[in-house]
Amino acid sequence: MAAQVAKQADPPGPGPSAEAQQSHVGRPLGECDPLMLEVHPAIQLPGEQTDRLPGYVPWAHDTHMRQAADHVMQGTSALVTLVGGSSTGKTRACWELAQYLDRQQPGRWRLWHPYDPSRPEATAAALDQVGPYTIVWLNEAQHYLSPPDVRLGERVAAGLRALLHDRQRGPVLVLATLWQEFWSTLTTRPRAGQPDPYTQARDLLTGTRVSVADGFTPVELAGLDQAKVDPRFRVAADRAEGGRIIQYLAGAPELKDRYQTAPRPRGRSSMLRWMPVGSATPSPSHIRCWPMLHRAILTITTGTAWVRTGWSRPWPTPPPRAKERVVR
């Protein structure tokens with residue numbers, strides 16, 4: 001299986017009482033807003049009345065995720081870690097899995113999204129208050145498992161391991177997302193004699209990976225011609241390169257926001273360097289440039305900030321990757 005599952009001794013019961021739920025962290029799934037859970041909003045088409053999120057088109061990774069969810073509903077605890085590139089639909093896939101659980105077991109599941117005062121601090125402080133039938137939401141899990149305070153990240157990882165194996169507190173489902181580079185950092189065993197700062201994180205994550213593709217295959221693209229498919233998918237299928245439909249849907253609003261809020265004059269002019277000739281403002285069609293943009297859309301700031309982040313000249317090419325603040 002793609003997801004690590006901690007076996008529970010007994011089959012699930014009727015679910016926790018209302019009193020028990022009130023003593024646990026999280027909120028009922030019906031009260032959760034996907035945008036507050038960091039799901040990217042999608043493009044809006046002129047003249048079309050569409051929901052904030054487009055209709056969902058399942059991918060191969062959704063099958064693996066549902067297999068893990070089915071085990072959880074039978075009384076197990078599991079961690080599923082979605083690993084993929086920027087804006088490939090990882091967080092949306094987690095949201096759809098949460099909705100799947102709620103449809104299968106209505107009113108039973110809660111969702112906990114720890115982030116205040118910081119993600120790792122909130123998690124470490126309240127992890128012992130997670131109760132049965134809780135989804136622990138770790139979007140961009142590197143913030144939880146590899147914060148500047150490495151010991152804090154290891155405390156979080158150790159606490160999650162204990163939670164997954166605690167029969168009295170299950171079943172729980174931990175949903176995490178990571179970029180490939182963060183997955184590699186957290187799971188690669190160092191050479192002999194080298195420091196090993198992520199021992200707990202590596203043990204937590206091993207065996208939990210579900211890979212998310214960068215784009216739709218030709219066969220999957222052909223299926224988007226069906227009438228029931230959200231029209232935004234069809235527009236994206238026509239315009240996005242390499243099957244990168246999800247990046248098109250999610251990246252265009254973020255690019256527009258970056259452009260509109262960038263300080264003048266350098267901020268906007270720097271972004272315009274990467275737009276098609278003759279374009280005055282960004283639009284969804286500019287995601288034709290996605291192979292560059294999805295790694296190089298930055299928070300464009302003043303020259304002073306450029307010096308502070310390690311690059312002190314105008315931006316003829318994307319800055320060093322380690323210094324990027326990339327849109328995810």
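**Close-up 1. The two faces of strand β3 in the predicted model.** In this predicted model, the side chains of S77, L79, T81 and V83 point one way from β3 while those of A78, V80 and L82 point the other way, and all of these residues are buried. This arrangement can be read against the general pattern, in which the side chains of a regular strand alternate between the two faces of the sheet. Strand β3, which spans residues 77–83, is accordingly described as mostly covered, with seven of its seven residues buried.

**Close-up 2. The strands that pair with β3.** Strand β3 pairs with strand β6 (residues 172–178) in the parallel sense, and six bridges join the two. Within this pairing, V83 of β3 has L178 of β6 as its bridge partner. Strand β3 is also joined to strand β7 (residues 209–211), again in a parallel run, through three bridges. Here T81 is the residue of β3 that stands opposite R209 in β7. T81 and V83, the residues named in these two contacts, belong to the set that points one way from β3.

**Close-up 3. A salt bridge within helix α3.** The structure holds five salt bridges, and one of them links R92 with E96, whose closest N and O atoms are 2.8 Å apart. Both residues lie in helix α3 (residues 90–104), and because they are four residues apart they are separated by about one helical turn. R92 is buried, with a relative accessible area of 14%, and E96 is likewise buried, with a relative accessible area of 18%. In general terms, side chains of opposite charge can pair when their charged atoms come close.

**Close-up 4. Two further salt bridges, each with a buried arginine.** R169 forms a salt bridge with D166, in which the closest N and O atoms are 3.8 Å apart. R169 counts as buried at 17% relative accessibility, whereas D166 counts as partly exposed at 23%. Because the limit for a buried residue is under 20% relative accessible area, R169 falls within it at 17%, while D166, at 23%, does not. In the other salt bridge, the side chains of R202 and D196 meet with an N to O distance of 2.8 Å. R202 is buried, with a relative accessible area of 5%, and its partner D196 is partly exposed, with a relative accessible area of 32%.

**Close-up 5. An edge-to-face pair between two loops.** The structure holds two aromatic pairs. In the pair formed by W109 and Y133, the ring centres are 5.3 Å apart and the planes stand at 75 degrees, so the pair is edge-to-face. This contact links distant parts of the chain, since W109 lies in the loop between α3 and β4 (110–112) and Y133 in the loop between α4 (119–126) and β5 (134–138), 24 residues apart. W109 counts as buried at 2% relative accessibility, and Y133 is buried as well, with a relative accessible area of 4%.

**Close-up 6. A tilted aromatic pair.** W179 and F182 form an aromatic pair that is tilted, with 6.4 Å from centre to centre and 35 degrees between the planes. W179 is buried, with a relative accessible area of 6%, whereas F182 is partly exposed, with a relative accessible area of 24%.

Terms used
Residues numbered from 1 in each chain as written. Predicted model: local features only at pLDDT ≥ 70, side-chain atom pairs only at ≥ 80, totals over all residues. Heavy atoms only, no water. Salt bridge = Lys/Arg side-chain N within 4 Å of Asp/Glu carboxyl O. Buried < 20%, exposed > 50% of the residue type's maximum accessible area, 1.4 Å probe, protein only. Pairing = 2+ DSSP bridges. Phe/Tyr/Trp six-rings, centres within 6.5 Å; stacked < 30°, edge-to-face > 60°.
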